[in-house]
Amino acid sequence: MNEMENQEKKSLKQYKNQSHIKESIRNVLSFLVFGGISHGQSAVLSSAVQDILAGTILPTTTLQLAKCVPRVIMTIAYPRFVSLIPPVIRVLLAALATATGILLVVYAGKTQVKLIGVALFSAGFGAAEVALIGLAAYYHPITMAAYQSGNGIFSVSIPLVYIGK
């Protein structure tokens, strides 16, 4: 019994020591920036609805559907096969999809192509969210807090920059 108590005390001490391990500032800032960029761009798309649909008879809900449906599909379906893809490839695919979507929205002339860009961005955003939240499990819990803080900071500040306030 005495030996078991010593082992329990030793493991408790090790647990307490590990819970105070500090995460590197680089990792915390990376999660803060990635969380902020992904949600900030989504907030800009929401703010840019009138600019994207200018001169068309399409209702605003069309853009909202193009923005929300691919994200929901990715957040539901992507976790089913995400473990088959290496983490670096996951993040690169999500970044490529979001970048391509943003470029389509910015440079496309036709509204239909812009809507495809919004949908592609949204799918990449959903994939990035699943990939980054999944990767946060390998780091200290502060990284998840940084990711969520980035979401909040950028979701509020980037639309203000977009509208010029």
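In this predicted model, Asn151 sits in helix α7, which covers residues 141-163. Its relative accessibility comes out at 8%, so Asn151 counts as buried, given that the cut-off for buried is under 20%. As for what surrounds the residue, once neighbours within four places in sequence are set aside, Asn151 is in contact with Gly35, Gly36 and His39.

Turning to the pockets, the largest one has a volume of about 250 Å³. It is lined by 14 residues, and the closest to the pocket centre are Phe34, Ile37, Ala95, Thr98 and Ala128. Three helical stretches give two or more residues each to this lining, namely α2 (25-47), α5 (87-107) and α6 (111-135). Of these, α5 chips in the most, with six residues. The make-up of the lining is 11 nonpolar and three polar residues, with no charged ones.

The second largest pocket comes in at about 180 Å³. Its lining is made up of Asn27, Ser30, Phe31, Phe34, Val91, Leu132, Leu135 and Tyr139. Here the elements that supply two or more residues are α2 and α6, and α2 gives the most, with four. Sorted by class, this lining has six nonpolar and two polar residues, and again no charged ones. Phe34 turns up in both places: it lines the second largest pocket and is among the residues closest to the centre of the largest one. Helices α2 and α6 likewise give two or more residues to the largest pocket as well as to the second largest.

Definitions and conventions:
Residues numbered from 1 in each chain as written. Predicted model: local features only at pLDDT ≥ 70, side-chain atom pairs only at ≥ 80, totals over all residues. Heavy atoms only, no water. Buried < 20%, exposed > 50% of the residue type's maximum accessible area, 1.4 Å probe, protein only. Contact = heavy atoms within 4.5 Å. 1 Å grid on protein atoms, 1.4 Å probe; cavity = no way out; pocket = protein on both sides within 12 Å on 5 of 7 lines; lining within 4 Å. Points joined across faces, edges and corners; volume = space filled by probe spheres on them. Nonpolar A, V, L, I, M, F, W, Y, C, P; charged D, E, K, R; others polar.
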